[in-house]
Amino acid sequence: MEAQKIYFTLEEVRNIVFSNNISKSTMRKLAVEQKIPTVQIFSKRFVPKYWVEKEIKKALYDPREEEKVVI
């Protein structure tokens with residue numbers, strides 16, 4: 001059975017969610033200021049999977065899709 005990833009590193013989130021369009025220091029600042037939820041293990045911070053998936057859904061949301069409802 002393959003284990004599913006439940007946490008992402010800040011670098012992975014920077015790549016996946018922000019397409020590397022923000023700096024590493026900004027990413028750390030967002031995490032430290034709790035603008036991105038994180039879990040800290042020793043000196044490393046990890047972002048929960050639910051937040052990454054939520055941000056991806058927001059980025060892919062197209063309100064025009066709701067207009068195509070057929071009755």
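Is Glu55 buried or exposed? With a relative accessible area of 16%, Glu55 is buried. Keep in mind as you read on that this is a predicted model.

## Salt bridges

Let's stay with Glu55 for a moment, since its partner is worth a look. Glu55 forms a salt bridge with Lys58, and the closest N and O atoms are 3.1 Å apart. Glu55 and Lys58 are separated by about one helical turn, because they are three residues apart in helix 3. The two ends of this pair have opposite surroundings: Glu55 is buried, whereas Lys58 is exposed at a relative accessible area of 53%.

Side chains of opposite charge can pair when their charged atoms come close. The structure holds five salt bridges, and the table shows some of them, including the pair just described.

| Salt bridge | N to O distance | Acidic residue, relative accessible area | Basic residue, relative accessible area |
|---|---|---|---|
| Glu11 and Arg14 | 3.3 Å | Glu11, 37% | Arg14, 11% |
| Glu33 and Lys35 | 3.3 Å | Glu33, 38% | Lys35, 55% |
| Glu55 and Lys58 | 3.1 Å | Glu55, 16% | Lys58, 53% |

In the pair of Glu33 and Lys35, the acidic residue is partly exposed, while Lys35 counts as exposed. For Glu11 and Arg14, it is the basic residue that is buried, and Glu11 is partly exposed.

## Around Arg14 and Lys24

Arg14 deserves a closer look. Arg14 is found in helix 1, and its relative accessible area of 11% puts it under the 20% cut-off, so Arg14 counts as buried. Glu11 is three residues away in helix 1, so about one helical turn separates it from Arg14. Their side chains meet in a salt bridge, at 3.3 Å from N to O, and a polar contact between the two side chains is also found at 3.3 Å.

What else does Arg14 touch, leaving aside its neighbours within four places in sequence? Arg14 is in contact with Ser19, Asn20, Ile22, Ser23, Lys24 and Met27.

One of those partners, Lys24, lies in helix 2, which covers residues 24–32. Lys24 is partly exposed, with 47% relative accessible area. Once neighbours within four places in sequence are set aside, Lys24 is in contact with Glu11 and Arg14. Glu11 and Lys24 are 13 residues apart in sequence, and their C-alpha atoms are 7.4 Å apart in space. Lys24 thus touches both members of the Glu11 and Arg14 salt bridge.

## The nonpolar core

Which residues make up the largest nonpolar core? It has 10 residues: Phe8, Leu10, Val13, Ile22, Met27, Ala31, Ile36, Val47, Trp51 and Val52. The elements that give two or more residues to this core are helix 1 (10–16), helix 2 and helix 3 (49–60). Two of the core members, Ile22 and Met27, are also among the contacts of Arg14.

Phe8 offers a good view of the core from one of its members. Leaving aside its neighbours within four places in sequence, Phe8 is in contact with Val13, Ile16, Arg45, Phe46, Val47, Lys49 and Val52. Among these, Val13, Val47 and Val52 belong to the core as well.

## A nonpolar patch on the surface

Nonpolar side chains are found on the outside too. Ile6, Tyr7, Val39, Ile41 and Phe42 form a nonpolar patch on the surface, and together they have about 520 Å² of accessible area. Ile6 sits in the segment before strand 1 (7–9) and is exposed, with a relative accessible area of 53%. Phe42 is found in the loop between strand 2 and strand 3 (44–48), and its relative accessible area of 80% makes it exposed.

## Positive phi angles

Phe42 has one further feature: its phi is positive, at about 55°, although Phe42 is not a glycine.

Where is Gln34 found? Gln34 is in the loop between helix 2 and strand 2 (39–41). Gln34 has a positive phi near 60°, and it too is a residue other than glycine. At 51% relative accessibility, Gln34 counts as exposed, because the cut-off for that class is over 50%.

Note on methods
Residues numbered from 1 in each chain as written. Predicted model: local features only at pLDDT ≥ 70, side-chain atom pairs only at ≥ 80, totals over all residues. Heavy atoms only, no water. Patch = residues over 30% accessible without salt bridge, like charges linked within 9 Å, V, L, I, M, F, W, Y side chains within 5 Å. Areas by Shrake-Rupley, 256 points an atom, 1.4 Å probe, with all protein chains shown as cover. Salt bridge = Lys/Arg side-chain N within 4 Å of Asp/Glu carboxyl O. Helix = DSSP H or I, 4+ residues; strand = E, 2+ residues; numbered from the N terminus. Buried < 20%, exposed > 50% of the residue type's maximum accessible area, 1.4 Å probe, protein only. Contact = heavy atoms within 4.5 Å. Core = buried A, V, L, I, M, F, W, Y, C linked by side-chain atoms within 4.5 Å. Polar contact = N/O pair within 3.5 Å; in protein donor to acceptor, adjacent residues only side chain to side chain.
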